[in-house]
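This report walks through one protein chain for a reader who has not met it before. Please look over the sequence and the structure first, and then read on.

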Amino acid sequence: VGDEVCITGYVLDGLCITQGFFLDAQDTNSLEFPEEHTFHCLIDPPQCVESGYQVLGPKNETTGMHCLGFRFDNTTTVVELAKT
């Protein structure tokens, strides 16, 4: 496999994945409604940035939850792209 990968999905920080809700929307399940994740929550709080990022996989139609997907090794790239 080459050095480049193309994947499409919602990007979430590790903190919001682990705790099961968004830092700025605590009544929203992060794996059920990843489209509700704000750029503020994604790139501003240090604890979110430091927790790393993942692109979610497709939603499981039975559970209604997205599966975990590709994990980024370099969080700096995610933050820079999100700020553009």
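What share of the 84 residues in the protein chain is buried? Buried residues account for 35% of them, a value that, like the others in this report, is computed from a predicted model.

## Overall fold and dimensions

The protein chain holds four helices and four strands, and, read from the N terminus, these elements follow one another in the order β-α-β-β-α-α-β-α. Along its principal axes, the C-alpha trace extends over about 35 × 30 × 20 Å.

The radius of gyration of the protein chain is 13 Å, which agrees with the value near 12 Å that a compact globule of 84 residues would have. Of the contacts between residues at least 6 apart in sequence, 50% link residues that are at least 24 apart.

## The nonpolar cores

In soluble globular proteins, nonpolar side chains tend to be buried together. In this model, the largest nonpolar core consists of nine residues, namely Leu12, Cys16, Ile17, Phe22, Ala25, Leu31, Cys41, Cys48 and Leu56. A second core, separate from that one, has seven residues, among them Ile43, Val49, Val79 and Ala82.

Leu56, a member of the largest core, and Val79, a member of the second, are 23 residues apart in sequence, and their C-alpha atoms lie 17 Å apart in space.

## Leu56 and its surroundings

Leu56 is located in the loop between β4 (53–55) and α4 (75–82). Its relative accessible area is 2%, and because the cut-off for a buried residue is under 20%, Leu56 counts as buried.

When residues up to four places away in sequence are set aside, the contacts of Leu56 include Leu12, Ile17 and Leu31, three residues that also belong to the largest nonpolar core. Leu56 also touches Thr8, Gly9, Tyr10 and Pro34, and, further along the sequence, His66, Cys67, Leu68 and Gly69.

## A nonpolar patch on the surface

Nonpolar side chains are also found on the outside of this model, where Val5, Ile7 and Phe70 form a surface patch with about 270 Å² of accessible area together. Val5 belongs to the segment before β1 (11–13), and Val5 is exposed, with a relative accessible area of 57%, whereas Leu56 is buried at 2%.

For the protein chain as a whole, the accessible surface amounts to about 5,500 Å², and 53% of this area belongs to carbon and sulfur atoms.

Methods. Residues numbered from 1 in each chain as written. Predicted model: local features only at pLDDT ≥ 70, side-chain atom pairs only at ≥ 80, totals over all residues. Heavy atoms only, no water. Patch = residues over 30% accessible without salt bridge, like charges linked within 9 Å, V, L, I, M, F, W, Y side chains within 5 Å. Areas by Shrake-Rupley, 256 points an atom, 1.4 Å probe, with all protein chains shown as cover. Salt bridge = Lys/Arg side-chain N within 4 Å of Asp/Glu carboxyl O. Helix = DSSP H or I, 4+ residues; strand = E, 2+ residues; numbered from the N terminus. Buried < 20%, exposed > 50% of the residue type's maximum accessible area, 1.4 Å probe, protein only. Contact = heavy atoms within 4.5 Å. Core = buried A, V, L, I, M, F, W, Y, C linked by side-chain atoms within 4.5 Å. Rg over C-alpha atoms; globule rule 2.2 N^0.38 Å.
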